[in-house]
Amino acid sequence: LIPVGTKPGETIDDPDGVGFTNTIQNTGTTIANISLLPTPPATTTNLPDNTKVTISKGGISATYNYTSTGGFEFKSGIGTVGGNAISATNPVRIDNVAVNGTDFYAVEVDLPENTKLSTDDDMLRGFPVPITAYIEDNATPNGLQTTEPKNITIDRVYTGYLKLVKESGIVQADGSITYGKTALTPVPGDKIAYRITASNISDPQDGTGNIILNAANTTITEDGTNYDASTNPNGNNWALDNDSNNFMDTIHVNGAYSADGGDVELYTGKDTKTLTNTEQAEITQYIVKYLNVIGPGQEKVFTFQRQVENNPTP
């Protein structure tokens, strides 16, 4: 869970652990004992230092601590395997898996304090924890060896996966718009176009039987009156009367909004909003609802325009 109000660039103080249920299958020709170990991701820095990973099955478990320079270090274990205590070389193991048989085990990934948001511009990814399932071919368990049959499942944790980007641009005489994030300096009569992009930055389906992250029932609220210097300094002020001339600073441009398949509700009013089905200059709030799923790698774009009011100040 990401705390409400977490802004881009902020970190999460102490992320909750995330649980996974993984499946193993014995595709060999004989009954097999399958051992389980966390292994470093392909890009070792993609997993934060001091991430804790616990693998468990039944009453046994093993906990590891990760660093990008040292990989996974065994920290503690509960229970025994083959008559010996769980250890760095005697990991959690599922015994006597029948030919073509399947079984399950649990993994908990606990990210460290001050973990970054997955949706930040310099991230745009999850935190991967590969779990290697392998068949120990040594009479005395000695950990994962390169010659042992193995397969990898990646348990990937996201600290947020739906990214919102808001941009604006001044509509030129020829109708062209250059969107950006920098502050604009419009003059009375100019039309300002706003573009809000909601994108799902999580990984798409790869292989079979995997869980993917869908963004369902996404709602975007764009309120032009929620600016407050003390309580909400990052709010919008485009539907306020900042110059105190009894007119909203910008008015809604009819026919200039598009929701990329979403349902749009238009509202008037400041402190109390009134839903209207009619486009009019006094629109102060847009609510866009995407009832269909925004899947991994997909995005939805909402655009609208406001014209800077051109009334003389009394």
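Here are some friendly notes on the structure above, which is a predicted model.

1. **Strands and helices.** A good place to start is the secondary structure. The protein chain has 21 strands and zero helices. Several of those strands come up again below, so keep the model in view as you read.

2. **Overall shape.** How does the chain compare with a compact globule of 314 residues? Such a globule would have a radius of gyration near 20 Å, whereas this protein chain has 27 Å. The extent of the C-alpha trace fits into the same picture: along the principal axes, the trace spans about 90 × 35 × 35 Å.

3. **Inside and outside.** Of the 314 residues in the protein chain, 39% count as buried. The accessible surface comes to about 16,900 Å², and carbon and sulfur atoms contribute 48% of that surface.

4. **Contacts along the chain.** Take the contacts in the protein chain with a separation of 6 or more: 66% of them join residues that are 24 or more positions apart.

5. **The second largest pocket.** This pocket holds about 340 Å³ of space. Which elements give two or more residues to its lining? They are β2 (18-25), β12 (127-135) and β13 (150-157). The lining has 17 residues in total, and those nearest the pocket's centre are I24, Q25, I34, A133 and N151. Sorted by class, the lining has nine nonpolar, seven polar and one charged residues.

6. **Two asparagines to look at.** Most residues other than glycine have a negative phi. With that in mind, find N96, which has a positive phi of about 55° although it is not a glycine. N96 is found in strand β9, residues 93-97. Is N96 buried or exposed? N96 counts as exposed because its relative accessibility is 62%, and the cut-off for exposed is over 50%. Next, look at N217, where phi is also positive, near 55°. N217 lies in a loop, the one between β15 (191-200) and β16. At 56% relative accessibility, N217 counts as exposed too.

7. **A glycine in a loop.** Where does G235 lie? You will find G235 in the loop between β16 (218-223) and β17 (250-252). Leaving aside residues up to four places away in sequence, G235 touches N226 and Y227. You can also trace from G235 to D223: the two are twelve residues apart in sequence, and their C-alpha atoms are 8.2 Å apart in space.

Key:
Residues are numbered from 1 along each chain as its sequence is written. This is a predicted model: local features need pLDDT of at least 70, side-chain atom pairs count only at pLDDT 80 or more; totals for chains, interfaces and linings use all residues. Side-chain values use heavy atoms; hydrogens and water are left out. On a 1 Å grid over the protein atoms alone, a cavity is a set of points where a 1.4 Å probe fits but cannot get out, and a pocket is an open set with protein on both sides within 12 Å along at least five of seven lines; lining residues have an atom within 4 Å of a point. Grid points are joined across faces, edges and corners, and a volume is the space filled by probe spheres set on the points. Helices (H or I, at least four residues) and strands (E, at least two) are DSSP runs, numbered from the N terminus. Ala, Val, Leu, Ile, Met, Phe, Trp, Tyr, Cys and Pro count as nonpolar, Asp, Glu, Lys and Arg as charged, and the others, Gly among them, as polar. The radius of gyration is taken over C-alpha atoms; the globule rule is 2.2 Å times the number of residues to the power 0.38. Buried means under 20% relative accessible area, exposed over 50%, partly exposed in between (1.4 Å probe, protein chains only). Contact means heavy atoms within 4.5 Å. Accessible areas come from the Shrake-Rupley method with a 1.4 Å probe; for residues, only the protein chains shown count as cover.
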